[in-house]
Amino acid sequence: MDSASLVAHASLHPQQNLHTLFVYGSLMADEVLRILLKRTPQSSDALLNGYQRLSIKRRVYPAIIPVDSKKVSGKILSGIKDFEMDILDAFEAVEYKRITDGLEKLLAYAYVWGNEKDPNLYGDWDFEEWKRDYLEAYIKRVNKFMKEFEQQTTP
């Protein structure tokens with residue numbers, strides 16, 4: 001996305017096979033990350049320019065889409081291993097596409113909603129409201145996802 005840039009107070013991890021990921025929704029919750037990755041990666045606050053975070057009808061998690069004049073607050077997760085990216089890719093499913101953005105200060109992946117014109121996108125999404133209203137039930141859903149994922153990937 002040529003118009004987007006990510007400004008963060010984080011540095012690109014110098015070792016190979018470690019990734020940096022911008023998160024802006026449920027993956028900002030340490031409780032969710034501990035279930036998915038079995039750890040809480042190093043993180044720092046970040047701002048994604050050129051995108052807007054929106055609610056999705058009948059869903060408790062948000063989407064981001066490119067919008068030149070908007071910004072999305074979130075976190076940068078660093079030191080994400082290849083197999084952890086595989087878990088996150090599976091968790092984010094087909095409705096999102098993982099993009100890499102060449103950025104002024106940082107190169108990072110982000111999961112962007114695949115359909116910018118989705119009529120189910122509306123209004124701003126609020127992380128604190130989500131934590132208060134949905135985190136407990138969402139953790140059950142994430143635990144179920146991980147159980148199924150581990151069954152599929154265990155030889």
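In this predicted model, the side chain of Asp118 reaches the backbone nitrogen of Asn120 at 2.7 Å. Asp118 sits in the loop between β6 and β7 (121–122). What is the nearest side chain of opposite charge to Asp118? That turns out to be Arg59, 6.0 Å away, and Asp118 has no salt bridge even though it is buried. With the salt-bridge cut-off at 4 Å between a side-chain nitrogen and a carboxyl oxygen, the 6.0 Å gap to Arg59 leaves Asp118 unpaired.

Elsewhere, charges do pair up: the structure holds 8 salt bridges, and helix α3 (127–153) is a good place to look at some of them. Lys131 forms one with Glu128, their closest N and O atoms being 3.8 Å apart. Both belong to α3 and are 3 residues apart, about one turn of the helix. Further along, Lys144 and Glu148 meet in another salt bridge, again with an N to O distance of 3.8 Å. Here the spacing is 4 residues, so about one helical turn separates Lys144 from Glu148. Arg132 and Asp133 also join their side chains in a salt bridge, at 3.0 Å from N to O.

How covered are these partners? Lys131 is partly exposed, at 33% relative accessible area. Arg132 is exposed at 62%, while Asp133 is partly exposed at 43%. For the other pair, Lys144 is exposed at 54% and Glu148 is partly exposed at 37%.

Now to the inside. The largest nonpolar core has 47 residues, and those with the most contacts inside it include Phe22, Leu88, Trp113 and Trp130. Among the elements giving two or more residues to this core are β2, α1 (30–37), α2 (82–92) and β6, but the largest share, 8 residues, comes from α3. Leaving aside residues up to four places away in sequence, Trp130 touches Ser26, Ala29, Val32, Val60, Trp125, Leu135 and Tyr138.

Phe22 leads on to strand β2 (residues 18–23), where 6 of 6 residues are buried. In a regular strand, side chains alternate between the two faces of the sheet. In β2, Leu18, Thr20 and Phe22 point one way, with His19, Leu21 and Val23 pointing the other, and all are buried. Which strands does β2 pair with? With β4 (residues 63–81) the pairing is antiparallel, over 5 bridges, and Ile76 is the bridge partner of Phe22 there. With β6 (residues 108–113) the pairing is parallel, over 2 bridges, and Leu21 has Tyr109 as its bridge partner.

Key: Residues are numbered from 1 along each chain as its sequence is written. This is a predicted model: local features need pLDDT of at least 70, side-chain atom pairs count only at pLDDT 80 or more; totals for chains, interfaces and linings use all residues. Side-chain values use heavy atoms; hydrogens and water are left out. Buried means under 20% relative accessible area, exposed over 50%, partly exposed in between (1.4 Å probe, protein chains only). Two strands pair if DSSP finds at least two bridges between them. A nonpolar core is a set of buried Ala, Val, Leu, Ile, Met, Phe, Trp, Tyr and Cys residues joined through side-chain atoms within 4.5 Å. Contact means heavy atoms within 4.5 Å. Lys and Arg count as positive and Asp and Glu as negative; His and the chain ends are not counted. A polar contact is a pair of N or O atoms within 3.5 Å; within protein, one must be able to donate a hydrogen and the other to accept it, and residues adjacent in sequence count only if both atoms are side-chain atoms.
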